[in-house]
Amino acid sequence: MMFDPITFEVINNALIYITEEMGIALRNSAYSHNIKERMDHSCAIFDADGYLIAQAEHIPVHLGSLPWAMTNLKNYFHDNNLTWQDGDIVLVNDPYISGTHLNDLTLVKPVFFDGTLIAFTANKAHHVDVGGETYGSISCDATSIYEEGIVLPPQKYFHRGVKSTKIENEYVNAVKNPEIARGDLRAQVAALNLGERRLHELAVTYSPPILFQVYKNIIRFGKEKMARIFEEFPSGEFSAEDCLESVSSESNLTWIRVKLRKRDMVLEVDFTGTDDQVDSSFNAVLGGTLSAAFFAIKSILDPDSDVNEGVLGQIHLIAPEGCLLNPMKPAAVSGGNLETSQRVADVVFKALAKALPARVPAASNGSMNNIMAGGFEAEKNSHWVYYETTGGGSGARPNGDGIDGIHCNMTNTMNTPIETIEQNYPMEFVEFGLRNNSGGKGQWRGGEGIIRSWRLTTDKAQVTVMGERHHQQPWGLNGGGSGQCGETILQRANGEIEILGSKKSFEMRRGDILTIKTPGGGGYGHFDSAQ
């Protein structure tokens, strides 16, 4: 079937906008501040065969894992003799299927038009608590996903349009604030339904056969463009290594190693040589590893074009089973999704800098700088749970300074406004600003980190901090200096000071002050002191 290129562009851009509109609906109807303020969610559309055809500009670590999750769901349905039916919505958070960690609930809805399956709408959102041993469900010390929270295999949350209250109650009764969890689930469902309505409108206007032809061309054009880009990629093998700190009881440093090779029109990303999986939560399931590799490569080689299955299919990833980046179930993975994914992006950037000098920036702050806090407030007879990632400095670029105080690489979230936090949580802010002189020096300086400090205003709280680059500085490039390391400081109400390190769970008491100083980005180019 032939049609003009204008029709292709109209439908292609309509699909992308549908995903953006889904995200707006999800954000606007969510209950948790993590979603409605930080926008910690992502939306995508897949064709009737389960191939990615459109995604919103949301969270890189979510988006890159969704095609992997969709493939796993198709295989799960096949292996269990399940079928997609009109009105179904499938819910899953098992990281070894959905591709990130338990906090990210993935929902997928098949879209039928006149009895024909025409697409899938999908989203993923970070729920602030999914049960487990710690508030926020993200622990530095967990050794199994079953310690991190409730594990939900793929199941029909809605079957032919009818919600399963059993499945919903099983989930919300396992978390510390059921009302918020239920509200966020409803927001995800609303976003899927909106996407379905918009796809129906496209099918009415253009007909399913034309949509199917557009889908095929979206994927074909993506594949052809990436093949042309990789044709220009230099021959040879480009290797790099970088490390995580204090994630294993056996060693202070855990290494990630990568080799990039062009094979025909495909770029091979080989993590052979990476250290084995660890006895803590910093393993990254393969979906998260794919996300980070995809992000780094696409950002450097083709930052402006759309992302779809054709683009991603030109990148071939190798990660031996049992290593840090492809662990064996049920290894814990909550921190791997947050911190290890950041280091995967860094190490791929470092290898790309050898292949394509003068195109790659210096290292960013290299951490999501996570804070999880919570407790029980007797006067309200309820639990509160707070989750935040904190920005830092981005790496200096070959043609400009790094950006100050920004979420970098695998996170693309906003910060929760101080006014919202103080209104809804027992926290009072003491300081929030840029960390001066934390970026690396160079012809172009690295971006500045952030200082974020707050006082607890209730009797006690359980707190977990999870970060990186407290000992290994964000690296500069081409003679640029390294960014400053991060710091986490706890000042007790009696004035006693504790330096906590990058990863720790502890108890805060009323009047205690927690300060996070995030790393700066690396500098680029030799620094001229006369400048």
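Colleague: How do helices α1 and α9 lie relative to each other, roughly parallel or roughly perpendicular?

Modeller: An angle between 65 and 115 degrees counts as roughly perpendicular. In this predicted model, helix α1 (residues 5–29) and helix α9 (residues 208–231) pack at about 85°, so the two are roughly perpendicular to each other. Their axes are 10 Å apart.

Colleague: Which residues make the contact between α1 and α9?

Modeller: From α1 come Thr7, Phe8, Ile11, Asn12 and Leu15. From α9 come Ile210, Leu211, Val214, Tyr215, Asn217, Ile218 and Phe221. Sorted by class, the contact has 9 nonpolar and 3 polar residues, and no charged ones.

Colleague: Now the sheet. In what order do the 5 strands stand?

Modeller: The order is β14-β15-β20-β17-β18. The sheet is open and its pairing is antiparallel.

Colleague: Which strands stand at the edges?

Modeller: An edge strand is recognised by its partners. Here β14 (427–435) and β18 (497–499) each have a single partner strand, so one side of each is left without a neighbour in the sheet. From one strand to the next, the twist averages 15°.

Colleague: How many bridges join β17 to β20?

Modeller: There are 5, between residues 487–491 of β17 and residues 513–517 of β20, and the two strands run antiparallel. You can follow that direction in the partners. Glu487 is bridged to Lys517 in β20, while Gln491 stands opposite Ile513.

Colleague: And what joins β17 to β18?

Modeller: These strands also run antiparallel, joined by 3 bridges. One partnership to look for is Ile489 with Ile499 in β18. The two strands form a hairpin with 5 residues between them. In the turn, Gly495 has a positive phi of about 95°.

Colleague: How many disulfides are in the whole structure?

Modeller: A disulfide is a covalent bond between the sulfur atoms of two cysteines. To find one, look for two cysteine sulfurs within 2.5 Å. A search of the whole structure gives 0.

Colleague: Why is there no bond between Cys243 and Cys485?

Modeller: Cys485 holds the closest cysteine sulfur to that of Cys243, but the distance is 11 Å, which is too far for a bond. Cys323 is in no disulfide either; its nearest cysteine sulfur, in Cys243, is 16 Å away.

Colleague: Is Cys323 buried or exposed?

Modeller: A residue under 20% relative accessible area counts as buried. Cys323 has 3% relative accessibility, so it counts as buried. Cys243 is buried as well, with a relative accessible area of 2%.

Key. Residues are numbered from 1 along each chain as its sequence is written. This is a predicted model: local features need pLDDT of at least 70, side-chain atom pairs count only at pLDDT 80 or more; totals for chains, interfaces and linings use all residues. Side-chain values use heavy atoms; hydrogens and water are left out. Buried means under 20% relative accessible area, exposed over 50%, partly exposed in between (1.4 Å probe, protein chains only). Two strands pair if DSSP finds at least two bridges between them. Helices (H or I, at least four residues) and strands (E, at least two) are DSSP runs, numbered from the N terminus. Axes are lines fitted to C-alpha atoms, for helices over the stretch in contact, and angles run from 0 to 180 degrees between N-to-C directions. Angles under 35 degrees count as roughly parallel, over 145 as roughly antiparallel, 65 to 115 as roughly perpendicular and the rest as oblique. Contact means heavy atoms within 4.5 Å. Ala, Val, Leu, Ile, Met, Phe, Trp, Tyr, Cys and Pro count as nonpolar, Asp, Glu, Lys and Arg as charged, and the others, Gly among them, as polar.
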